[in-house]
Amino acid sequence: MRAARLIKMVLLLQARPSMTGPELAQELEVSERTVARDVLSLSEAGVPVYADRGRSGGYRLIGGYRTRLTGLGRSEAEALFLSGVPSALREMGLADAASAARLKVSAALLPELRDAATGAAQRFHLDAPAWYDAPAWYQEPRTPALLPAVAGAVWDDRRITARYLRKDTEVERRLEPYGLVLKAGVWYLAARAQGDFRVYRVDRFTAVEVPDGGEDGAEGPTDGGRFIRDEAFELPTFWAERAAQFARSLLREEVVVRLSTHGVRRLPHVTERAAAEEAIDAARSGDGPDAQGRLTVRLAVESAEVAYAQLLGLGPEGEVLHPPALRERFAAAARRTAALYA
C-alpha cells in the first residue's frame, strides 16, 4: 500500500513542475504529515525530491528525474487518452487503475505533450447510455461521410463553413467546432455560432469547408482560420445540460399514476429517470403516501402511446388514474392478461 503511494507521488511530481503539501495530500488521500514522511523516505531511497520552503513553496523533482515517451506525437498522445470510457470503467471498478495508467503516461510524456489529456477530453465525449426510449431512438449506426473533415477541424481549432439540413431546408452556417459527441450511434457536433453554443447532427451536414486562412472573419482578424477556444467551455458538462434539455423537451403530456412502494422504486427504471425522480419528489413533498402507503404522482411523458409502453413495465405496482383513455387501455390489458391466467 505504502509502496504504491510512493510510486504515485513520484509520478505526480514527474507530471507537474511542483506540488504543495496540501495538493499531494489531497491526491494521495493522506495527511500532510504523511506526505512529509513519504518525501523523506524517497530522498533516503535516492529519489531527488526537493522541498521549497515558504508560502509559495512545494515539492519538486530535480536533476531531470523522469522517463519520457519521446516516440509519441501529439495526435498519438491525444488518441491514447481517448481509449477509455469513464462510466464503463467506474462500473467495472477499474477507475483507479485507469487513472493510475493515465498518470504514468502523463508523467512520461514530453512537457509539450502533457496537455494531451485535457485537449482530448475537451474535444471528444462518449455518452455511453442509450436514450431512455431506446426502441424509438435506436438506428443502425452509420459513419457520416463528412465526419473526418469535421473531426480535423475540431482537433485543429479551425472554423468551418458548413451546409446543414434543417428539416427540409438547407442552411449555411459558419461554425467554431468545439467538440464531438457520440451518443447511441449518432455523432453530434458542439459548436459556437454567432456567439452561442449549439448542437448539430453530423449526418445532416451536406458540405463542410475548412478555410485555408488568410481572411478576415467575423470572429477576428487574419488568424489562419483558427479560433481561440473559450477556456471555460467543458464539453461533458455542456452535453449533459443539452441532453437533459432535449429529453425534457420531449415530455409534452402528463399522466397521473398511483404507485406501490415497489412501484416507486421501479418508476425511474421504466420511464425517463429525471422526470420520474422529479415527480416522486413532488408527490412526497405534497400529500405524500396514502393510508395504504401508495404514492400518487403526476408524471411528464412524451405521449400517451409511449407512457403505455413504459408503464406496462410496472405491472400491478402502478395504477394509471388519468387520462381516462389511457386508464381504460390499461384496464383492457389487465382483463386480457387475467383471461390468459384464468
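The following exercises, each with a worked solution, concern backbone geometry and salt bridges in a predicted model.

Local features require pLDDT of at least 70, and side-chain atom pairs count only at pLDDT 80 or more, while totals for chains, interfaces and linings use all residues. Residues are numbered from 1 along each chain as its sequence is written, and side-chain values use heavy atoms, with hydrogens and water left out.

**Exercise 1.** Determine which kind of peptide bond joins His322 and Pro323, and where Pro323 lies.

*Solution.* Begin with the omega angle, which is about 5 degrees; the bond between His322 and Pro323 is cis. Most peptide bonds are trans. Next, locate the proline: Pro323 is in the loop between β11 (318-322) and α14 (324-340). Helices here are DSSP runs of H or I with at least four residues, and strands are runs of E with at least two, numbered from the N terminus.

**Exercise 2.** Examine phi at Glu29 and Asp157, then decide whether Glu29 is buried or exposed and whether Asp157 is buried or exposed.

*Solution.* Most residues other than glycine have a negative phi. Glu29, however, has a positive phi near 60 degrees, and Asp157 has a positive phi of about 55 degrees. For the setting, Glu29 is found in the loop between α2 (21-28) and α3 (32-44), whereas Asp157 lies in the loop between α9 (147-156) and β4 (160-166). The accessibility classes are buried (under 20% relative accessible area), exposed (over 50%) and partly exposed (in between), with a 1.4 Å probe and protein chains only. Glu29 counts as exposed because its relative accessibility is 73%. Asp157 counts as buried because its value is 14%.

**Exercise 3.** State how many salt bridges the rule gives, and describe the one between Arg158 and Asp156.

*Solution.* First apply the rule: a side-chain nitrogen of Lys or Arg must be within 4 Å of a carboxyl oxygen of Asp or Glu. The count comes to 17 salt bridges. For Arg158 and Asp156, the closest N and O atoms are 2.8 Å apart. Arg158 is buried, at 17% relative accessible area, while Asp156 is partly exposed, at 30%. Finally, a network of salt bridges links Asp156, Arg158 and Arg226.

**Exercise 4.** Characterise the salt bridge between Glu319 and Arg327.

*Solution.* The N to O distance is 2.9 Å. Next, classify each partner: Glu319 is partly exposed, with a relative accessible area of 25%, and Arg327 is partly exposed, with 36%. As for position, β11 (318-322) and α14 (324-340) flank the loop that holds Pro323.
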